[in-house]
Amino acid sequence: MVGLGDNNNPSCQNNISSKAKDKKKNKKKKRGGSKRKMTAEQTSAFKSVTEWVYLDRHHHPNSSSTAGLSSWVVDDFGVQKSLGRGMEKMVFELHSHSKHSDGFLSPSKLVERAHGNGVKVLALTDHDTMSGITEAVEAARRFGIKIIPGVEISTIFSPRNPEMEEPVHILAYYSSCGPTRYEELDKLLANIREGRYVRAKDMVLKLNKLKLPLKWEHVTKIAGKGVAPGRLHVARAMVEAGYVENLKQAFARYLYDGGPAYSTGSEPLAEEAVQLICETGGLAVLAHPWALKNPIPIIRRLKDAGLHGMEVYRSDGRLAAYNDLADTYNLLKLGGSDYHGRGGHGESEIGSVNLPVVVLHDFLKVARPIWCSAIKDILEGYAKEPSDTNLAKIARFTRMGSFKGSNPSSCGKDLIDRCLASWLTAEEQQNDEFEAVRLKLSHATINLSGVQVPIETK
């Protein structure tokens, strides 16, 4: 007689095999969500999003017609395309950091890692600086990634009740040409960075008083040349000096908001930062609202100042409470990994927040008219006054050497195309306002090695 535990029993083997398959299916379903064809709304949103993502490609099979959409499916975490055994994802990463603030990777390495994780659009949002954008843009060309120039601005929410004062971080997303009044934004960011030096020194002083003899030189060495040190740099120095076991412990014991070694800098009011972002052609989004002690009054006041959206999605999914708040205040629902590259189990991987395609469409629907207007204003400024200063505004995040090819007369056209073709649709470029700008540009020149070269705009 064959016992129930005998693996040679064909019936038993079939049952085990069937159970294993069911278990595998359930596991796959739990991890990736159920795959299904896109709805009409998702299909329309997907076409619009892919059109923008692949603007600088001469042809992309999924942007011009619905023919290529049959191979794409939607699940709980976004849109994917079946590629035989694997899947291609439409991933936007809207929150990331490099070594230009408190990240561990250079902008180039960050872009390379994002590419490896399937990211198609990457916003570099270093703390209080845009100095890493140019390197990110150059690296992104090698990998076919579109870069959204961004910055995470450190601000303070300061109500009448001093006890409710708390730090607030605002993400700003700009067009390929950057802010329209860059000098004004840069001055604000420079003031914040100067305050970060004072703040970090005060943290070190407080730690010294707590019998932790951390050296200021140690902190600045970790931060790197020209980088304003922040809490993470102080925490890393504490780990290296052996005062704490890891970064989490450094924050939990000493550096948390209001902690024994915490210190404030020279941050602007949150409302003022939001207003400046809006005035300089950017999209203003509240970062990690779940870190706030009193999110409702902050969101209410920032909405009045012009806030466009707030982070709702994380790598572990959508946070219902903040999703409801976004609905209440009619704000875009966004999110990103907040990747720093520090490693470990506590950090979300870059590209791990897969935003639904309808969310991406809503984001671009609000952002693109703002960016379109900003690009037009910057180009018009050069057309009116074709100076080197105004030219630099157009190519702020592009190394000018990349335009100096064998045919100097095409340099101007390449420059305009770089701004327009990869960022605006043909329809957006062909409106009356842009045609007027092109006409003005046709009478302007570019100074190349001391030679005035006319701009070809056709």
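This passage describes the salt bridges of the structure and the packing of two of its helices.

The model is a predicted one, in which local features need pLDDT of at least 70 and side-chain atom pairs count only at pLDDT 80 or more, while totals for chains, interfaces and linings use all residues. Residues are numbered from 1 along each chain as its sequence is written, and side-chain values use heavy atoms, with hydrogens and water left out.

Side chains of opposite charge can pair when their charged atoms come close. Across the whole structure, a search finds 14 salt bridges (a side-chain nitrogen of Lys or Arg within 4 Å of a carboxyl oxygen of Asp or Glu). One of these joins D202 to K206, with 3.9 Å between the closest N and O atoms. Both residues belong to helix 5 (residues 182-209), where they sit four residues apart, about one turn of the helix; helices here are DSSP runs of H or I with at least four residues, numbered from the N terminus. D202 is partly exposed at a relative accessible area of 26%, and K206 is likewise partly exposed, at 28% (buried means under 20% relative accessible area, exposed over 50%, and partly exposed in between, with a 1.4 Å probe and protein chains only).

A salt bridge also links R231 with D257, whose closest N and O atoms are 2.8 Å apart. R231 lies in helix 7 (residues 231-240) and D257 in the loop between helix 8 (247-255) and helix 9 (270-279), so this pair ties together parts that are 26 residues apart in sequence. D257 is partly exposed, its relative accessible area being 27%. In a further salt bridge, R314 meets D316 at 3.0 Å, N to O; R314 is partly exposed at 29%, whereas D316 is exposed at 54%. Finally, R181, E184 and E279 are joined in a network of salt bridges.

Turning to helix packing, the axes of helix 5 and helix 7 come within 10 Å and cross at roughly 35 degrees. Axes are lines fitted to C-alpha atoms, for helices over the stretch in contact, and angles run from 0 to 180 degrees between N-to-C directions. The crossing of helix 5 and helix 7 is right-handed, the near helix being turned clockwise from the far one by less than a right angle. In this contact (heavy atoms within 4.5 Å), R199, A200, M203 and L207 of helix 5 meet R231, V234 and M238 of helix 7. By class, the contact has five nonpolar, no polar and two charged residues, with Ala, Val, Leu, Ile, Met, Phe, Trp, Tyr, Cys and Pro counted as nonpolar, Asp, Glu, Lys and Arg as charged, and the others, Gly among them, as polar.
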